[in-house]
Amino acid sequence: MKNNYSLVHNFLLVVGDSLALVAAFATAYILRVTLSHKALEAQVHARTYIGVFLVLLPFWILVFTLLGLYNESIHEKRFNEAGRLLVGSFIGMLFVVFWDFLAPKPILPARLVPIYGFVLAFLFLLIFRSLARVLKIIVQRFGYGITNILLVGDTEITKELVGSLSDSRRSGYAIVGVVGGANISLKETGLKIYKDFETACKAIGSDNINGIVQTELYSDSVQNDAVLNYAQGHHIAYRFIPGNAGLFVGNINVELFRSSIPVIAVHQTPLLGWGRVVKRLFDLLVGSLLIIIASPIFLLVAILQKLTGRGPVFFRQERLTRFDQKFRVFKFRTLKIKYNGLLPEEGFAKMGKPELAKKFRANGDYLANDPRLTTFGRILRRTSLDELPQLFNVIKGDLSLVGPRALVPRELDAHAKRNAILSVKSGLTGLAQVSGRRSINFEERRQLDVYYVQNWSFWLDISILLKTIRVILQGN
């Protein structure tokens, strides 16, 4: 029996979203018309109002569909889902206002009704989606809605999948067998291991397989065709994970080369075209606003910097950004003059404590009592105020508000993923800074930088900015 739970789940999402939207605009009508004593712009009966809204409801659900809110991949991305719900609610509200403008008779009793409806719709949709997510987890714990997966291949990716999908009540997947998994211990996993695909299919049965994941290609193309044909012939979902998985990340497009040959175009990052334009405009707008807001802080820090010690107010250093371009980063100086401008390894070596450099790197470029810092510099580091001057780098175009950490050439030159990291602008903040600010080492930080580059989205930038504010306020 095929697993139709995802279809049922999506159907319930459509019904739930519809009810949430109706409830939101009905509540908006009650708040403005029934409970408020202010004069109305038009007398619109509740039955007429709800009737028109029900006519517009299918369009609203269509907008949600186009925004990908019923795609399975969006269900676990909560912030991305919230962002799309916000956009969808706003578009729907605009359409209601537009309809009211074109209609021969008013359908809105007052101007505030669509505003109330928009806010309530977003809130009700968030609440419903959260409840739907909890319900899905509960259902999976009772063994329903589990997708049975057959793994084909004996690779490191196979082992990784076995580990990540082991708890079916949390992952939603159950591994019914592994073909060719000689290196996967039967005792450790408790999985059924089959020597070939044909044997596995006969033992398990097509009705008990919802999906096939092939993690390596056979040298014999006939065997590969047999796996794909079996999946298609029995209407089983088929996925293939390439051996060079790192190649197929970022922005992937299937194109026709020379108008007839299908090819897969793989880019280092999805941050291309209009995405770069939108990101740059966002940087200019928000960066300028932050500079205006923070101008009194700039002045205060500069004064305190001069009052608490000798030396320059600002720290300047050559760093790397997109396409290997070098620029001079601006920060408030936090180091003592004799260590200013030196790499951590050079600074600790100069003071005769080279062992602290290893501790510094292993602790995520942080020491609780870093001897290189000035007294005022410790305060600036703890509050992240030393980073503020980088806003001018953002306006100049050297940096983006969000991106990989801007490093000096010597720190990045030896890194295996150097070119991937430098395919986008470096950032004032980034995924590494909000994912364990002082608990992950240098290599783990660069892995997060690579992940950001390969999985960029505008919503990811917004999420990182919001998390940055939280991290700063918590003083982590």
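**Exercise 1. An aromatic pair between two helices**

Is F90 buried, partly exposed or exposed? Determine also how F90 is arranged with F118, and where the two residues lie.

*Solution.* The structure is a predicted model.

Step 1. Residues count as buried under 20% relative accessible area and as exposed over 50%, with partly exposed in between. The relative accessibility of F90 is 39%, so F90 counts as partly exposed.

Step 2. Apply the cut-off to the partner: F118 has a relative accessible area of 17% and is therefore buried.

Step 3. The structure holds 11 aromatic pairs. One of them joins F90 and F118, with 5.7 Å centre to centre and 70 degrees between the planes; this pair is edge-to-face. Planes over 60 degrees apart count as edge-to-face.

Step 4. F90 belongs to helix 3 (residues 78–102) and F118 to helix 4 (residues 112–141); the pair links distant parts of the chain, 28 residues apart.

**Exercise 2. A pair between two strands**

Classify the pair of F314 and F332 as stacked or edge-to-face, and state which strands it ties together.

*Solution.*

Step 1. The ring centres of F314 and F332 are 5.3 Å apart, and their planes make 15 degrees. Planes under 30 degrees apart count as stacked, so this pair is stacked.

Step 2. F314 lies in strand 8 (residues 314–321) and F332 lies in strand 9 (residues 325–332), so the pair ties together parts that are 18 residues apart in sequence.

Step 3. F314 counts as partly exposed because its relative accessibility is 31%, whereas F332, at 1%, counts as buried.

Step 4. F314 and F332 also form one aromatic cluster with F298 and F392.

**Exercise 3. The nonpolar cores**

Describe the largest nonpolar core and identify the helix that gives the largest share of it.

*Solution.*

Step 1. The largest nonpolar core has 29 residues, and those with the most contacts inside it are L21, F25, W60 and F64.

Step 2. Helix 1 (5–34), helix 2 (46–66), helix 3 and helix 4 each supply at least two residues of this core. The largest share, 8 residues, comes from helix 2.

Step 3. Take W60 as an example. Residues up to four places away in sequence aside, W60 touches L21, F25, F53, G88, S89, G92, M93 and V96.

Step 4. Another core, of 28 residues, lies apart from the largest one; L271, L391, V453 and V471 are among its residues.

**Exercise 4. The two faces of helix 12**

Find which residues of helix 12 are buried, on which face the exposed residues lie, and what the buried side packs against.

*Solution.*

Step 1. In helix 12 (residues 355–362), the buried residues are L356, A357, F360 and R361. They lie on the same side of helix 12, because they cover an arc of only 135 degrees around the axis.

Step 2. A general rule helps here: an α-helix has 3.6 residues a turn, so residues three or four places apart point the same way.

Step 3. The exposed residues K358, K359 and A362 are carried by the face of helix 12 turned away from its buried side.

Step 4. The buried residues of helix 12 pack against helix 11 (344–350), helix 15 (409–412) and helix 18.

Step 5. Consider L356 by itself. Its relative accessibility is 17%, so L356 counts as buried. Leaving out residues up to four places away in sequence, L356 touches F348, L367 and P371. L356 and E345 are 11 residues apart in sequence, and their C-alpha atoms are 8.3 Å apart in space.

**Exercise 5. The length of helix 18**

How many residues has helix 18, and how does its reach compare with the expected value?

*Solution.*

Step 1. Helix 18 (residues 442–454) has 13 residues.

Step 2. From first C-alpha to last, helix 18 reaches 19 Å, close to the 18 Å expected at 1.5 Å a residue.

Step 3. The buried residues of helix 18 are F442, R445, R446, D449, V450, Y452, V453 and Q454.

**Exercise 6. Confidence along the chain**

Where in the protein chain is confidence lowest, and where is it highest?

*Solution.*

Step 1. The protein chain has a mean pLDDT of 82, and 87% of its residues reach 70 or more.

Step 2. Confidence is lowest in helix 7 (residues 186–189), with a mean of 57, and highest in strand 10 (residues 400–402), at 95.

Step 3. Where pLDDT is low, the predicted coordinates should not be read in detail.

Conventions
Residues are numbered from 1 along each chain as its sequence is written. This is a predicted model: local features need pLDDT of at least 70, side-chain atom pairs count only at pLDDT 80 or more; totals for chains, interfaces and linings use all residues. Side-chain values use heavy atoms; hydrogens and water are left out. Rings of Phe, Tyr and Trp (its six-membered ring) pair if their centres lie within 6.5 Å; planes under 30 degrees apart count as stacked, over 60 as edge-to-face and the rest as tilted. Helices (H or I, at least four residues) and strands (E, at least two) are DSSP runs, numbered from the N terminus. Buried means under 20% relative accessible area, exposed over 50%, partly exposed in between (1.4 Å probe, protein chains only). A nonpolar core is a set of buried Ala, Val, Leu, Ile, Met, Phe, Trp, Tyr and Cys residues joined through side-chain atoms within 4.5 Å. Contact means heavy atoms within 4.5 Å. The expected span of a helix is 1.5 Å times one less than its number of residues. The arc is that of the directions from the helix axis to the C-beta atoms. pLDDT is the predictor's confidence in each residue, from 0 to 100.
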